[in-house]
Amino acid sequence: MDAQLKPHTIYSEKQYWDMVHIADTLSEIIGLSETHPLLDFFELTCDYIRAYDLVHSEVPDASHP
């Protein structure tokens, strides 16, 4: 497998968008299958995306209108 297609910690915005593209592609391939062989790869990719989002995205406080 190409090194760019392996899930990895995201250190830059470019890597982030590359990983989002990989996740989108995997999502299209996997569809609704709960047993697809790429499902673990997809979930790991999403975990790295979420981790990056937690550090780099500001979420407004919903308690203050």
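## Overall picture

Of the contacts in the chain with a separation of 6 or more, 45% are between residues 24 or more positions apart. Keep in mind as you look around that this is a predicted model. The chain is built with two helices and zero strands. Helix 1 covers residues 13-30, and helix 2 covers residues 39-56.

The chain has 65 residues, and 23% of them count as buried. Its accessible surface comes to about 5,300 Å², with 58% of that area belonging to carbon and sulfur atoms.

## A salt bridge in helix 1

Let's turn to the charged side chains. Side chains of opposite charge can pair when their charged atoms come close. In this model the count comes to two salt bridges.

One of them joins the side chains of Asp18 and Lys14, with 2.8 Å from N to O. How far apart are Asp18 and Lys14 in helix 1? They are four residues apart, so about one helical turn separates them. As for their surroundings, Asp18 counts as partly exposed because its relative accessibility is 36%. Lys14 has a relative accessibility of 58% and therefore counts as exposed.

## A salt bridge in helix 2

Another salt bridge links the side chains of Asp47 and Arg50, at 2.5 Å from N to O. Both residues lie in helix 2, three residues apart, which is about one turn of the helix.

Are Asp47 and Arg50 buried or exposed? Asp47 has 40% relative accessibility and so counts as partly exposed. Arg50 is also partly exposed, with a relative accessible area of 48%.

## Thr45, a buried residue in helix 2

Thr45 is worth a look as well. This residue lies in helix 2, and its relative accessibility is 0%. A residue counts as buried when that value is under 20%, so Thr45 is buried.

What does the side chain of Thr45 reach at 2.8 Å? The partner is the backbone oxygen of Phe41. Leaving out residues up to four places away in sequence, Thr45 touches Pro7, Met19, Ile22, Ala23 and Leu26. Of these neighbours, Met19, Ile22, Ala23 and Leu26 fall within the residue range of helix 1, 13-30.

## Putting it together

Each salt bridge sits within a single helix: Asp18 and Lys14 are in helix 1, while Asp47 and Arg50 are in helix 2. Thr45, by contrast, is a buried residue whose contacts include Met19 and Leu26.

Note on methods:
Residues are numbered from 1 along each chain as its sequence is written. This is a predicted model: local features need pLDDT of at least 70, side-chain atom pairs count only at pLDDT 80 or more; totals for chains, interfaces and linings use all residues. Side-chain values use heavy atoms; hydrogens and water are left out. A salt bridge is a side-chain nitrogen of Lys or Arg within 4 Å of a carboxyl oxygen of Asp or Glu. Buried means under 20% relative accessible area, exposed over 50%, partly exposed in between (1.4 Å probe, protein chains only). A polar contact is a pair of N or O atoms within 3.5 Å; within protein, one must be able to donate a hydrogen and the other to accept it, and residues adjacent in sequence count only if both atoms are side-chain atoms. Contact means heavy atoms within 4.5 Å. Accessible areas come from the Shrake-Rupley method with a 1.4 Å probe; for residues, only the protein chains shown count as cover.
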